[in-house]
Amino acid sequence: MASPFPGMDPYLEDQHYWPDFHHRFIDYCCDALADRLPDNYEARIDEWISLVEDPEVRPRDLKPDLAIAHQQGKTNPRASTSGATLEPVVVPLLMSDPHRQGYIKILHRPDRSVVAVLEVLSPTNKSGEGRGEYIGKRNALLNQPVHLVELDLFRQGRRLPMRAPLPQGEFFAMVARSEHRPDCQVYAWGIRDPLPVIPVPLRIPDADVTLNLAEVFAIVYERGRYGRSVNYGAPLSVSLGDPDRSWAAERVGARASAP
């Protein structure tokens, strides 16, 4: 069963299906690109590993897992007789949480040099410490002769920094060609619009390949069995204006009444 929405489905973001959808979408984007690339290119999935601290954790919230208390009348047989004996208190470390972020890289054969990188942004890229870490990696890519394609299909969080305001829209595809920077092609659309076909640049003089986001979404929705898992009867908590919220309710109602 297809999604009741012509483009992005807000319920996937609202009901915490996004991590699963995110991974699947990257996988099928890679497959779609591989099918269209010339023989002297290949598309591969790789991953960044970010160490992100939980901003809610503070040292004062931590308690020792184990305390070894000093007991009067007992001595440590291995303690030195020339100095005082200190008993340690074991306190858990404040450690960063490793976050794995998949992305697609397009390689030119036979040298397998990186020509383009395609990122599907996640909530971690758009908020908290993960946003700063991603922007650092993004800047490193933008200073190399590599094309960068970024898909922002998640409505929540902060948009990526640009030198000028983004066009009107709720979802974005940003194509930053290495030879045209700092200019960037931005494709914008709303919740009522179908997902577009976007270009993915290759090495000059080779022509762009196209990525049909609507076709990828349809495959991901079907293979992820979201039609039978998502609770379309629940109220939407994601931020929508009243007209769009009414429109979404109509779409869901039409699906429920369909034979």
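Reader: Which residues do the ring pairs link into a cluster?

Author: The model is a predicted one, and a pair of aromatic rings is accepted in it when the ring centres lie within 6.5 Å. By this rule the count comes to twelve aromatic pairs. The cluster that ring pairs join together consists of Y17, W18, F21, F25, F154, F217, Y221 and Y226.

Reader: Which residues of the largest nonpolar core touch the most other members?

Author: The largest nonpolar core has 49 residues, and helix 2, which spans residues 18-36, gives the most to this core, with seven residues. Two residues of the ring cluster, F21 and F25, are also among those that touch the most other core members. The full set with the most such contacts is F21, F25, L33, L118, L151 and L211.

Reader: Which residues does L33 touch, not counting residues up to four places away in sequence?

Author: L33 is one of the residues that touch the most other members of the largest nonpolar core, and L118 and L211, which are also named in that group, are among the residues in contact with L33. With residues up to four places away in sequence left out, L33 touches A43, I104, I106, L118, V200, V209 and L211.

Reader: How many residues does the second, separate core have?

Author: Apart from the core of 49 residues, there is a second and separate one, whose members include W48, L141, V146 and A176. A176 also belongs to strand 7, where its side chain points the way that F172 and M174 do. The number of residues in this second core is seven.

Reader: Why is strand 7 largely enclosed by the rest of the structure?

Author: A residue counts as buried when its relative accessible area is under 20%. In a regular strand the side chains alternate between the two faces of the sheet. In strand 7, F171, A173 and V175 point one way while F172, M174 and A176 point the other way, and all are buried. Strand 7, residues 171-176, is therefore largely enclosed because the number of its six residues that are buried is six.

Reader: In which sense do strand 7 and strand 8 pair?

Author: Strand 7 pairs with strand 8, residues 185-189, over five bridges, and in strand 8 it is W189 that stands opposite F171. Strand 6 also pairs with strand 7 over five bridges, in the antiparallel sense, and there L148 stands opposite A176. For strand 7 and strand 8, the sense of the pairing is antiparallel.

Reader: Is E150 buried or exposed?

Author: E150 lies in strand 6, residues 147-152, and its contacts beyond four places in sequence are with E119, Y134, R138, L160, F172, A173 and M174. The side chain of E150 also makes a polar contact with the side chain of R138, at 2.9 Å. The relative accessible area of E150 is 3%, and the limit for this class is under 20%, so E150 is buried.

Reader: How far apart in space are V197 and N212, C-alpha to C-alpha?

Author: V197 is found in strand 9, residues 197-200, and, with a relative accessible area of 45%, V197 is partly exposed. Beyond its neighbours within four places in sequence, V197 is in contact with T210, L211 and N212. V197 and N212 are 15 residues apart in sequence, and their C-alpha to C-alpha distance is 4.3 Å.

Reader: To which residue does the cis peptide bond from R109 lead?

Author: The residue that follows R109 across this bond lies in the loop between strand 4 (97-108) and strand 5 (113-120). A cis peptide bond also joins I204 and P205, with omega about 15 degrees, and P205 has its place in the loop between strand 9 and strand 10 (209-212). For the bond from R109, omega is near 5 degrees, and the residue it leads to is P110.

Reader: What is the phi of R225, which is not a glycine?

Author: R225 has its place in the loop between helix 4 (213-223) and helix 5 (226-229), and with a relative accessible area of 40% it is partly exposed. R112, in the loop between strand 4 and strand 5, has a positive phi as well, near 60 degrees. The phi of R225 is positive, at about 55 degrees.

How values were computed. Residues are numbered from 1 along each chain as its sequence is written. This is a predicted model: local features need pLDDT of at least 70, side-chain atom pairs count only at pLDDT 80 or more; totals for chains, interfaces and linings use all residues. Side-chain values use heavy atoms; hydrogens and water are left out. Rings of Phe, Tyr and Trp (its six-membered ring) pair if their centres lie within 6.5 Å; planes under 30 degrees apart count as stacked, over 60 as edge-to-face and the rest as tilted. Helices (H or I, at least four residues) and strands (E, at least two) are DSSP runs, numbered from the N terminus. Buried means under 20% relative accessible area, exposed over 50%, partly exposed in between (1.4 Å probe, protein chains only). A polar contact is a pair of N or O atoms within 3.5 Å; within protein, one must be able to donate a hydrogen and the other to accept it, and residues adjacent in sequence count only if both atoms are side-chain atoms. Contact means heavy atoms within 4.5 Å. A nonpolar core is a set of buried Ala, Val, Leu, Ile, Met, Phe, Trp, Tyr and Cys residues joined through side-chain atoms within 4.5 Å. Two strands pair if DSSP finds at least two bridges between them.
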